[in-house]
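Colleague: Before the individual terms are discussed, may I ask that each be set against its definition?
Modeller: Certainly; the structure is shown first.

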Amino acid sequence: MSRATVKCGLAALLVAGLFGIQAAHADPARTVIAPSPASWTQPANIGRLELQATAYHDGAYLRDFAAVDDQVAAWLRAQAPRVSKPALVLDIDETALSNWEEIKANGFGFFSGGSCDHLPQGPCGFTAWQRESRATALAPTLDLVAIARTLGVAVFFITGRHDPAKADTAANLLRAGYHDWAGLSLEPEGSHFASAVDFKAPVRATIEARGYTILATVGDQRSDLLGGHAMRGFLLPNPFYFIP
Ligand SMILES: [Mg+2]
C-alpha cells in the first residue's frame, strides 16, 4: 500500500466519521442551530425586546416604579424640614402619567399626527392623545405628591410636551388626581432641544431663583435629572422609549 493510498483512506475515514457522528446524533424532531459567528455585532432583536418590555410592564414594572417613589418619599421626609421652601420637580410622561395605551397601540413607535379613533388598535398620534387627556395616573407618584403636600413640599411639573398642549395636559393631570401644583412648564411652541436637559435644567434654575430648594427631580429619563439644580435625581424605570 502506497503512502498516497493510506492518506486517501484516512481522509475518507475522517469524512465518514464526521458525517457518521452527525448522523448518530441527529434528532428528527430537533434542529441544532450552529452558533453565530463570533464576529457578529447584531444588537438585541427588537421584536423580542417588545415582548420583554410588555411582559415587564404587565409584571414587575409598577413594583420597581413604586420602589423609586418610596426612595423619593424617604428623601423628602429627611430633607424637607431642613429648608425653608422645599420643592419637588416631577416629569409628566411615564412619571406622573402613564401613556401605556398609546405606547402599546403604536408598538413602541411614536407618531405625532393622526387620530386615536381606533384604540386599542393603533396608530395613535401623540398630539391627539394629549388632546384627549386619556393618560392615566401612575399611582405611586400620585401617592408621592400626597406625601409632598403633607410635608409642605411644593410640586413643579416640567415636561417635554409643548406649550400648545398645556391646557390639555393640565386637564389630564387633574383628571388623574393631581392638583395644587406650584408650576407646570412645557417646552415653548416650535422649540427644539438636542436634549431635554437643555430645557429642564434651566427651568429648575428659575425655580431656585424664586427661593425654592429643589430636594429632588424625578423622571423616567436620565435627561429629566441631569444638569444640576436639584439636590438629588431619582430615575424611574422605562424600557419603552428613550428621550435624549
Ligand atoms: Mg417622561
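Modeller: Contact here means heavy atoms within 4.5 Å. The model is predicted. Helix α3 (residues 61-79) lies across β1, β6 and β7, and runs at about 180 degrees to β6.

Colleague: What makes about 180 degrees a statement on the direction of α3 against β6?

Modeller: Angles run from 0 to 180 degrees between N-to-C directions. The value for α3 and β6 is about 180 degrees, so the two N-to-C directions are opposed. Helix α8 (residues 197-209) also packs on the sheet and touches β1, β4, β5 and β6; with the direction of β4, that of α8 makes about 150 degrees.

Colleague: Why are β1 and β6 called paired strands?

Modeller: Two strands pair if there are at least two bridges between them. Strand β1 (residues 86-90) and strand β6 (residues 213-219) have five bridges, in the parallel sense, so the criterion is met. Within this pair, alanine 87 stands opposite isoleucine 214 in β6.

Colleague: What is the order of the strands in the open sheet, and why are β5 and β7 said to stand at the edges?

Modeller: The five strands follow the order β5-β4-β1-β6-β7, with parallel pairing. Strands β5 (183-187) and β7 (232-235) each have a single partner strand, so one side of each lacks a neighbour in the sheet. On average, neighbouring strands of this sheet are turned by 20 degrees against each other, direction ignored.

Colleague: How do you know that the largest pocket lies between domain 1 and domain 2?

Modeller: Domain 1 (61-98 + 137-235) and domain 2 (100-134) both contribute residues to the lining, so the pocket lies between them. The space in this largest pocket is about 900 Å³. Its lining has 38 residues, and those closest to the centre are Phe110, Phe126, Gly160, Arg161 and Ile243. Two or more lining residues come from each of α4 (100-105), α5 (126-132) and β4 (154-162).

Colleague: Why is Gly160, at the centre of that lining, counted as polar?

Modeller: Gly is placed among the polar residues by definition, so Gly160 belongs to that class. By class, the pocket lining has 14 nonpolar, 13 polar and 11 charged residues.

Colleague: What makes the other space a cavity and not a pocket?

Modeller: In a cavity, a 1.4 Å probe fits but cannot get out, whereas a pocket is open. One cavity of 30 Å³ or more is counted, and the largest cavity holds about 40 Å³. Among the residues that line the largest cavity are Val89, Asp91, Lys200 and Thr217. At least two lining residues come from each of β1, α8 and β6.

Conventions:
Residues are numbered from 1 along each chain as its sequence is written. This is a predicted model: local features need pLDDT of at least 70, side-chain atom pairs count only at pLDDT 80 or more; totals for chains, interfaces and linings use all residues. Side-chain values use heavy atoms; hydrogens and water are left out. On a 1 Å grid over the protein atoms alone, a cavity is a set of points where a 1.4 Å probe fits but cannot get out, and a pocket is an open set with protein on both sides within 12 Å along at least five of seven lines; lining residues have an atom within 4 Å of a point. Grid points are joined across faces, edges and corners, and a volume is the space filled by probe spheres set on the points. Helices (H or I, at least four residues) and strands (E, at least two) are DSSP runs, numbered from the N terminus. Domain bounds come from an automatic or database domain assignment.
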